[in-house]
Amino acid sequence: MSEEDASVNLFAQQEANRRRSRWLVLGFILFFAWLGFGGDWIAYQLTAGNPPREYHHVVPWFGLLMMAIAAGIAAWIWRTGADRVLWSAGAQEVTTPSSPEEAQLANVVEEMAIASGVPKPRCWIVPDDDPNAFATGHDQQHAHIAVTRGLLRLCSRDELQAVIAHEMGHVKNLDVQLMTLLAGLVGAIALISDGLARVLRGGVRFGGGGGRSSGGGKKGAGNPLVLIVIALWFISWLLAPLITRVLALAVSRKREYLADAMSAQFTRNPGSLASALEKIEGAHAPTSAIKKGSAHLCIADPLGRRINESESWLSDRLATHPPMAIRIARLRAMGYQEQKRSGAFIASPTV
């Protein structure tokens, strides 16, 4: 990838990530509006036949409440999503390095911040023996890079530099904004869905007691349109966690290729990232400290799912990462082309 092409890709990716972040927040609020106002409409239909003095659910309080909750959750995740991701992984910030490994990490992060032209992110260590790394944050000025202890032990300095450069690529592309926001929304919807499941197991009842209320409920429930909306409403609640996880899976695969290329651009050494990825791939244990909701943030899938190792229409939509073999092959090809250009330049006669 030439520097001109990389710049074009960078600006396009930054704008696309800003746009997708806005649409993601809007879609999240609209989804909650559907759940809220849909529930209000169902409650109104089920109580419409009740006598005048009984409950009719005229005020859509559930919809208004759900929209307010969605807006509050989105704002909270926007401000604190990175902190939640780091907290869930048990990450510990490196402020004053206390070992040679930590000092090397701090130096490498500073070097790659200079090379990439973005402010130095705060660096963290995840207490996990499996090698992995991820970046998170709201923007370039509030970014974080975390690596596992296993990665520090496994990689040479050049390999660590290449991994950090890959994560700096995500920071510069503003991938961290979209992917951190998505990680927070995945967790929020999962919690809300679990809460609803408990409520439903306890039973929900509209209207007051007595035969008249029950009769009104039966009248509303007999309407085919009401039955269809009720079915769609419950399906939406049940599938919400799955849908958000699929979104999280689908957003990151192509971004990994661009971050790999930017690592090669920042370090001028694509072979080091290829070597680091080979070592990461060779570690068979899953990264237990990093949870499902944050898996798409990592340089390699922390869950070790097989779908990431295939190229297909389904994999492109459900896999968090491209096949490691293809990433390594692309980096090796970049290294070969770089050596070829350097060799041609050295071998050319001086005029």
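**Exercise 1. How much area does the protein expose, and what share of it do carbon and sulfur atoms supply?**

Solution. Begin with the kind of model: it is predicted, so that local features need a pLDDT of at least 70 and side-chain atom pairs count only at pLDDT 80 or more, while totals for chains, interfaces and linings use all residues. Residues are numbered from 1 along each chain as its sequence is written, and side-chain values use heavy atoms, with hydrogens and water left out.

The protein exposes about 17,500 Å², of which carbon and sulfur atoms supply 62%; accessible areas come from the Shrake-Rupley method with a 1.4 Å probe, and for residues only the protein chains shown count as cover. Of the 351 residues, 49% count as buried, where buried means under 20% relative accessible area, exposed over 50%, and partly exposed in between (1.4 Å probe, protein chains only).

**Exercise 2. Find where the confidence of the prediction is highest and where it is lowest.**

Solution. The score to use is pLDDT, the predictor's confidence in each residue, from 0 to 100. Its average over the protein is 80, and 77% of the residues score at least 70. The protein has 12 helices and four strands, which are DSSP runs numbered from the N terminus (helices H or I, at least four residues; strands E, at least two). Among these elements, strand β4 (residues 143-148) has the highest confidence, at 96, whereas helix α7 (residues 211-221) has the lowest, at a mean of 48.

Next, look at two stretches where pLDDT stays under 50. For residues 1-8 the model has seven contacts beyond four places in sequence, and for residues 206-217 it has 21; a contact means heavy atoms within 4.5 Å. Where pLDDT is low, the predicted coordinates should not be read in detail.

**Exercise 3. Check whether the length of helix α10 agrees with its number of residues.**

Solution. The expected span of a helix is 1.5 Å times one less than its number of residues. Helix α10 (residues 270-282) has 13 residues and should therefore span 18 Å; its end C-alpha atoms are 19 Å apart, which agrees. Several residues of α10 are buried, among them Pro270, Leu273, Leu277 and Ile280.

**Exercise 4. Which residues form the nonpolar patch on the surface, and which helix gives the most to the patch?**

Solution. Patches are made of residues with over 30% relative accessible area and no salt bridge, like charges being joined within 9 Å and nonpolar side chains (Val, Leu, Ile, Met, Phe, Trp, Tyr) within 5 Å. Here the members are Tyr44, Tyr55, Val58, Val59, Trp61, Leu65 and Ile69, with about 680 Å² of accessible area together. Helix α2 (residues 61-88) gives the most, with three residues. Val58 is found in the loop between α1 (3-47) and α2, and at a relative accessible area of 65% Val58 is exposed.

Helix α2 also holds Trp87, which counts as exposed at 66% relative accessibility. Trp87 and Val126 are 39 residues apart in sequence, and their C-alpha atoms are 9.9 Å apart in space.

**Exercise 5. Describe three salt bridges and say where their partners lie.**

Solution. Side chains of opposite charge can pair when their charged atoms come close. A salt bridge is a side-chain nitrogen of Lys or Arg within 4 Å of a carboxyl oxygen of Asp or Glu, and a search of the whole structure finds 10 of them.

- Arg22 pairs with Glu15, with the closest N and O atoms 3.8 Å apart; Arg22 is exposed at 51%, whereas Glu15 is partly exposed at 36%.
- Glu102 pairs with Arg149, with the closest N and O atoms 3.2 Å apart. This pair links distant parts of the chain, since Glu102 is in helix α3 (residues 100-116) and Arg149 in helix α4 (residues 149-154), 47 residues apart. Glu102 counts as buried, at 10% relative accessibility.
- Arg153 pairs with Asp129, with the closest N and O atoms 2.9 Å apart. Arg153 lies in helix α4 and Asp129 in the loop between β2 (122-126) and β3 (133-137), so the pair ties together parts that are 24 residues apart in sequence. Arg153 counts as exposed at 51%, and Asp129 counts as exposed at 62%.

**Exercise 6. Is Gln161 buried or exposed, and which residues does Gln161 touch?**

Solution. Gln161 is found in helix α5 (residues 157-173), and its relative accessible area of 15% makes Gln161 buried. Not counting residues up to four places away in sequence, Gln161 touches Val108, Glu111, Met112 and Thr267.
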